[in-house]
Amino acid sequence: MNVLYELTGPVVHGRGKGAAAGFPTANLALMEGELLPPAGVYATRAELSCGVFTGVTNVGTRPTADSREDVTVETWLPGFSGNLYGEQIRLHFLHWLRGISRFPDMAALKRQIDLDAQEAQSWAGRFPDGIGFFTFSAEETRGLSQRLAPLLPTGSVVVLRGEMGAGKSEFSRGLARGMGITGPVPSPTFTILNEYDEGSLPFYHFDWYRVSDEEELLEIGAPDYLPGRGVTAVEWAERAESLLPAKRLEVFLQPVGENARLILFSALGGAENPALRLKEDFSC
Ligand SMILES: Nc1ncnc2c1ncn2[C@@H]1O[C@H](COP(=O)(O)OP(=O)(O)OP(=O)(O)O)[C@@H](O)[C@H]1O
Ligand SMILES: [Mg+2]
């Protein structure tokens with residue numbers, strides 16, 4: 001399965017143009033044929049031997065007008081100064097910030113990259129345990145959540161965030177499969193809640209898209225499932241945010257191009273992030 005969750009390698013020399021403009025970038029040496037994130041600018045967490053830093057990582061062609069079209073992975077670590085050449089860097093991708101654009105001059109690029117840095121700091125600050133996985137098809141998204149399912153303890157609440165078509169329902173289908181549910185898993189858009197009892201644990205699948213207020217959820221007894229006696233997945237939790245328990249797994253699904261998704265996991269409320277164990281799963 002083509003699942004990418006980190007890039008590691010030594011920092012190699014770029015051309016020093018960023019350094020001259022006030023944002024030196026650490027260029028990651030890439031291996032031939034290595035799986036890479038889709039082109040774009042990302043909020044990342046960079047692990048170095050001397051510590052963990054927030055990064056703004058540009059994947060793709062170089063961001064100033066240039067004839068070279070080679071792919072590079074360049075990371076600016078705002079607030080870090082020091083020599084990184086030869087150091088090992090491990091990059092975790094948290095959020096896709098924007099597509100690659102060309103800038104008329106270095107000053108314009110600098111203004112944008114300062115905004116990128118602020119946004120990156122905000123993601124890294126909100127989700128210090130955040131770990132992102134790229135999937136490259138709906139099948140891979142289902143495969144990822146299928147592997148996650150057995151790692152979820154009884155009483156887990158999994159909040160699925162992302163725009164329409166991001167893959168929240170596909171992700172839920174994989175969860176159901178991973179719990180041993182074999183039948184169809186239709187979207188609960190009209191039913192609000194679909195319940196499955198044939199798996200290893202009860203599975204409660206909510207979609208609050210059509211819910212107008214909390215009242216409506218209270219009437220159907222939603223709090224009994226938040227948490228419930230099994231695993232609860234919630235799509236469109238934004239409709240009644242205050243019903244969510246403090247202890248939950250946040251999952252952000254972000255389309256990055258047509259078929260790729262960046263899926264960020266973060267455990268809130270003191271739970272261990274089960275996605276950290278997913279990483280071990282994909283390491284062999
Ligand atoms: N990597 C991917 N992961 C998940 N879905 C993908 C991926 N690439 C393409 N797709 C497609 O995107 C769509 C995701 O649909 P899905 O119903 O899961 O979205 P959703 O987030 O639940 O939307 P809604 O808010 O309408 O409920 C599917 O048609 C799926 O085939
Ligand atoms: Mg859905």
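This note walks through a predicted model, from its two domains to its sheets, its helices and its ligand shell.

1. Overall layout. The domain assignment of the protein chain gives domain 1 (7-126) and domain 2 (137-268). Their centres, taken over C-alpha atoms, are 33 Å apart. Six residues from domain 1 and six residues from domain 2 make up the contact. On the side of domain 1 that touches domain 2, strand 6 (residues 88-98) gives the largest share, four residues. By type, the residues of that side are four nonpolar, two polar and no charged.

2. The barrel. Six strands form a closed barrel in the order 1-2-5-4-3-6, and the pairing is antiparallel. On average, neighbouring strands of this sheet are turned by 45° against each other, direction ignored. Strand 1 (residues 7-12) pairs with strand 6 in the antiparallel sense, over four bridges. L7 is a good place to look, as it stands opposite L91 in strand 6.

3. A helix on the barrel. Helix 2 (residues 106-126) packs on this sheet. Helix 2 touches strand 3, strand 4, strand 5 and strand 6. Its direction makes about 130° with that of strand 4.

4. The hairpin and its next partner. Strand 3 (residues 40-48) and strand 4 (residues 51-60) run antiparallel, joined by nine bridges. The two strands form a hairpin, with two residues between them. To find the pairing by eye, start at E47, which stands opposite V52 in strand 4. Strand 4 also pairs with strand 5 (residues 72-76), again in the antiparallel sense, over five bridges. Here G60 stands opposite T72 in strand 5.

5. Q88, a residue to check. Q88 has its place in strand 6. Is Q88 buried or exposed? Q88 is partly exposed, because 13 other C-beta atoms lie within 10 Å, while a buried residue needs 20 or more and an exposed one has 12 or fewer. Leaving aside neighbours within four places in sequence, Q88 is in contact with T8, P10 and S49. P184 is far along the chain by comparison: Q88 and P184 are 96 residues apart in sequence. In space, the two are 45 Å apart, C-alpha to C-alpha.

6. The open sheet. Seven strands form an open sheet in the order 7-13-12-8-11-10-9, with mixed pairing. Which strands stand at the edges? They are strand 7 (131-135) and strand 9 (193-196). Each has a single partner strand, so one side of each is left without a neighbour in the sheet. The twist averages 20° from one strand to the next.

7. A parallel pair within it. Strand 10 (residues 203-207) and strand 11 (residues 231-235) pair in the parallel sense. Five bridges join them. The bridge partner of H205 is A233, in strand 11.

8. Helices on the open sheet. Helix 3 lies across strand 7 and strand 13 (261-268). Helix 3 runs at about 140° to strand 7. Helix 4 lies across five named strands: strand 8 (156-161), strand 9, strand 10, strand 11 and strand 12 (248-255). Against strand 11, helix 4 runs at about 170°.

9. How covered is helix 4? Mostly: ten of its eleven residues are buried. The buried residues are K168, S169, E170, F171, S172, R173, G174, L175, A176 and G178. What covers them includes helix 3, strand 8, strand 9, strand 10, strand 11 and strand 12. Just after helix 4, G180 takes a positive phi of about 90°.

10. The ligand shell. How many residues surround ligand 1? There are 19, and the closest are A138, T141, G167, K168 and S169. Helix 3 (138-148) and helix 4 (168-178) are the elements that give two or more residues to this shell. The shell divides into five nonpolar, nine polar and five charged residues. Two of the closest residues, K168 and S169, also appear among the buried residues of helix 4.

Notes
Residues are numbered from 1 along each chain as its sequence is written. Chains are lettered from A and ligands numbered from 1 in the order in which they are written. This is a predicted model: local features need pLDDT of at least 70, side-chain atom pairs count only at pLDDT 80 or more; totals for chains, interfaces and linings use all residues. A residue is near a molecule or strand if its C-beta atom, placed from the backbone, lies within 6 Å of it. Ala, Val, Leu, Ile, Met, Phe, Trp, Tyr, Cys and Pro count as nonpolar, Asp, Glu, Lys and Arg as charged, and the others, Gly among them, as polar. Two strands pair if DSSP finds at least two bridges between them. Domain bounds come from an automatic or database domain assignment. Two residues are in contact if their C-beta atoms, placed from the backbone, lie within 7 Å. Axes are lines fitted to C-alpha atoms, for helices over the stretch in contact, and angles run from 0 to 180 degrees between N-to-C directions.
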